[in-house]
Amino acid sequence: MSTNSVSFKFDIKPNKPLLIAGPCSAETEEQVIQLAQAIQSTCPQVSLLRAGIWKPRTRPNSFEGIGEKGLVWLKKASRINKIPVCTEVAKASHVEAALKAEIDVLWIGARSTVSPFIMQEIADALRGVDIPVMIKNPINPDLALWLGGIERIQQAGIKEIAAIHRGFSSYNTSKYRNVPNWEIPIELKRQAPNLPLICDPSHIGGRRELVGPLAQQAVNLQFDGLMIETHLEPDKAWSDAEQQITPDALAHLIASLSTSLKEASQEDVYPRLDTYRQEIDRLDNYILELLAERMNIAHQIGNYKKQESIAIHQPKRWAETVKRALELGETNGLSKSFILELFQKIHNESIERQAKN
């Protein structure tokens, strides 16, 4: 069992996000110590220093992390600056080395969360250990995989657990490195309301100019914390240079965040907000009634197609439906991406209904 020199718990406070900062990768002992000092002096609000030691890379022959010796650097920086430290683990040997080095907090990356085999291996290595663990979302937008990974770590007996939203891979062109798909972490929070939810705007944005706006958006969505990649000389970073910011930029970002957001509970609702909510509820009920009516018609169409030996999916009809929906949506100020996603889901449900006939 780890005997961490600096204890750490996810102490979540209203309107005061937990702040985690540090380089994408630990590069040299001097870099880690100097950066920790700079972060502490410019951003004392930062509660946890991060740095990658083992870096999973898409292609071989890329920088894959400094390795186990970086753990010693992290702990030295921790002792000098009296700040807890965290690093990524991707297999049992990583866990064992990090625990031996008395790293304070571990995180599990997106490429690991996607594999139940890897998550179980890490969970088995953590069994009987008392250490906080943060779990990033899987690279693909799959809430069940994310929840499954969290549950495996919970079943290993880990009590201090947080989730990190770092965005999702997509084949579609986007201004983001990893698209946010905010609805997925929001649904995670609904299903696990007591689980601290941290946003990683560095990996979502992929470019430093996007980090600030994404951090504010996460705060607006009541995320519990932020993990921001920080480097003394970002342009010279050995990995992910484009998304890292300096300690001074981090201090400016933190100072500019608007965190004093009110939460309107059912017991203390503002009069005008209550009126808006009642109207939203009425419209939601109407939308559900219309969808039920539409699916009933789709079922009848399925019966007719079966009787007449007509193919269930009609590409020409589907193309016409999408074209009409996009035109009407644009007229009413709705985004193309929203209309496409909405009608794809409606179409998929209709196809399933017809296929059951």
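The chain carries 42 positive and 43 negative side chains, and the centres of these two sets lie 3 Å apart. These values, like those that follow, are computed from a predicted model. The accessible surface of the chain amounts to about 19400 Å², and carbon and sulfur atoms contribute 52% of that area. Among the 357 residues of the chain, 45% are classed as buried.

With regard to the overall fold, the chain is made up of 13 helices and 8 strands, and its C-alpha trace extends over about 75 × 50 × 40 Å along the principal axes. When contacts with a sequence separation of 6 or more are considered, 72% of them join residues that are 24 or more positions apart in the chain.

The largest pocket encloses about 570 Å³ of space. Its lining comprises 19 residues, and of these Leu328, Ile339, Leu342, Phe343 and Ile346 lie nearest the centre of the pocket. Three elements each give two or more residues to this lining, namely α11 (271–308), α12 (315–331) and α13 (336–355).

Helix α11, which contributes to the lining of the largest pocket, also contains Gly302. This glycine has a relative accessibility of 5% and therefore counts as buried, since the class is defined by a value under 20%. Apart from residues up to four places away in sequence, Gly302 touches Gln354 and Asn357. The C-alpha atom of Gly302 is separated by 8.2 Å from that of Lys356, although the two residues are 54 positions apart along the chain.

Two residues were further examined for their backbone conformation. Asn15, which is situated in the segment before β1 (18–22), has a phi near 60°, a positive value in a residue other than glycine. Because its relative accessibility is 42%, Asn15 counts as partly exposed, the class that lies between the limits of 20% and 50%. Gln222 is located in the loop between α9 (208–220) and β8 (225–229), and its phi is likewise positive, at about 65°, although Gln222 is not a glycine. With a relative accessibility of 39%, Gln222 also counts as partly exposed, whereas Gly302 in helix α11 is assigned to the buried class.

Notes:
Residues are numbered from 1 along each chain as its sequence is written. This is a predicted model: local features need pLDDT of at least 70, side-chain atom pairs count only at pLDDT 80 or more; totals for chains, interfaces and linings use all residues. Side-chain values use heavy atoms; hydrogens and water are left out. Helices (H or I, at least four residues) and strands (E, at least two) are DSSP runs, numbered from the N terminus. Buried means under 20% relative accessible area, exposed over 50%, partly exposed in between (1.4 Å probe, protein chains only). Contact means heavy atoms within 4.5 Å. Accessible areas come from the Shrake-Rupley method with a 1.4 Å probe; for residues, only the protein chains shown count as cover. Lys and Arg count as positive and Asp and Glu as negative; His and the chain ends are not counted. The place of a charge is taken as NZ of Lys, CZ of Arg, CG of Asp or CD of Glu. On a 1 Å grid over the protein atoms alone, a cavity is a set of points where a 1.4 Å probe fits but cannot get out, and a pocket is an open set with protein on both sides within 12 Å along at least five of seven lines; lining residues have an atom within 4 Å of a point. Grid points are joined across faces, edges and corners, and a volume is the space filled by probe spheres set on the points.
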